[in-house]
Amino acid sequence: MNLAKNLIQELMPRCEGCGKPSPSFLCTSCLSIERSKSSFYFGPVLRNSWDQAHISFDYDSKVIQNWLWRIKEKSQAERLQDLKFEHLPPNMLECSYDAIVAFPGDPTRSSRRLFDVADYLGRRLAKLLGQNFFSGAFVRRAFLGTLKDFGVNERRAFITKLVSLRSGFLPSGRLLLVDDVMTSGASLEWGAQLLKTRANRVDVYVLARKFISK
Ligand SMILES: [Zn+2]
């Protein structure tokens, strides 16, 4: 009896924050903690190339980092199902898009991981919002090194050489460009710039934003 009870408890989904059984990866109280940490990011993040940025979480949160680590380093694509409607920034729910597109990750990494994180995220988001996902909007060349050691300006220059718009890309109007993490924002800026050649409005969405001190 106790064994069965323990087993059931073991199999129940748990909150990433406090470890208590919870249907969502963050229980109600942990979600409000994460939200208060990231409340700074909920407002519009304006850049020249995109119209508005929507951000769910603060990347500096250990809970969020752990969740992303499982998805990216442990190739647990199914953990993206943890993302629920209540994790989306409220101002994003008021928007509707002609298409949701994903900024592509490095092809070498994606094939090692067996999925592209942003692509899966875009599909998940499209399902949550009941909107269209357009797959393969961009073409990205493989790069065997790492962009991690690059400064912001180097990244910015380099990414333009790696990523281009696919020639058969058709959507226009209002587009939502998604990626998992925003650090310098260089990738998303380039992606939005490319989309702006077709679309009249481009918003971006990321799961988490990394705060970089200058
Ligand atoms: Zn919790």
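These are legends for a set of close-up views of one predicted protein model.

**View 1. The whole chain, seven helices and six strands.**
Because this is a predicted model, local features need pLDDT of at least 70 and side-chain atom pairs count only at pLDDT 80 or more, while totals for chains, interfaces and linings use all residues. Residue numbers run from 1 along each chain as its sequence is written. Helices here are DSSP runs of H or I with at least four residues, strands are runs of E with at least two, and both are numbered from the N terminus. Going along the sequence, the pattern reads α-α-β-α-β-α-α-β-α-β-β-α-β. The radius of gyration (taken over C-alpha atoms) is 18 Å, close to the 17 Å from the globule rule (2.2 Å times the number of residues to the power 0.38), so the chain is as compact as a globular protein of 214 residues. Its C-alpha atoms fill a box of roughly 65 × 40 × 35 Å along the principal axes. Buried residues make up 33% of the 214 residues; buried means 20 or more other C-beta atoms within 10 Å of a residue's own, exposed means 12 or fewer, and partly exposed is in between, with C-beta atoms placed from the backbone. Of the contacts between residues at least 6 apart in sequence, 68% join residues at least 24 apart, a contact being two C-beta atoms, placed from the backbone, within 7 Å.

**View 2. The open sheet, four strands in the order 1-6-5-2.**
Pairing is parallel throughout this sheet, and two strands count as paired if DSSP finds at least two bridges between them. Strand 1 and strand 2 sit at the edges with a single partner strand each, so one side of each has no neighbour in the sheet. From one strand to the next, the twist averages 20°; angles run from 0 to 180 degrees between N-to-C directions, and axes are lines fitted to C-alpha atoms, for helices over the stretch in contact. Strand 1 and strand 6 (residues 199–209) share six bridges, with Ile55 partnered by Val206 of strand 6. Strand 2 and strand 5 share four bridges, and there Ala99 has Leu175 of strand 5 as its bridge partner. Edge position or not, strand 1 (residues 52–58) has six of its seven residues buried, so it is largely enclosed by the rest of the structure.

**View 3. Helix 3, packed on the sheet.**
Helix 3 touches strand 1, strand 5 and strand 6, and its direction makes about 105° with that of strand 6. Which of its residues are buried? They are Val63, Ile64, Trp67 and Ile71. These cover an arc of only 95° around the axis (using the directions from the helix axis to the C-beta atoms), which puts them on the same side of helix 3. Over on the other side, Lys62, Asn66 and Trp69 are exposed.

**View 4. The largest nonpolar core, with 46 residues.**
A nonpolar core is a set of buried Ala, Val, Leu, Ile, Met, Phe, Trp, Tyr and Cys residues joined through C-beta atoms within 7 Å. Touching the most other members are Ile100, Leu121, Leu175, Leu177, Val178 and Val204. Strand 1, helix 3, strand 2, helix 5, strand 5, helix 7 and strand 6 each give two or more residues, and strand 6 has the largest share, at seven. Zoom in on Ile100 and, leaving aside neighbours within four places in sequence, its contacts include Leu125, Phe133, Phe134, Leu176 and Val178.

**View 5. Helix 7, a largely enclosed helix.**
Nine of the ten residues of helix 7 (residues 186–195) are buried, so the rest of the structure largely encloses it. Among the buried ones are Trp190, Gly191, Leu194 and Leu195. The buried residues of helix 7 pack against strand 3 (138–140), helix 6 (152–162), strand 4 (163–165), strand 5 (173–182) and strand 6.

**View 6. Ser75 and Leu114, two loop residues with positive phi.**
Most residues other than glycine have a negative phi. Ser75 has phi near 55° and lies in the loop between helix 3 (62–72) and strand 2 (99–102). With 14 other C-beta atoms within 10 Å, Ser75 is partly exposed. Leu114, in the loop between helix 4 (107–113) and helix 5 (117–129), has phi near 70°. Leu114 is exposed, with 8 other C-beta atoms within 10 Å.
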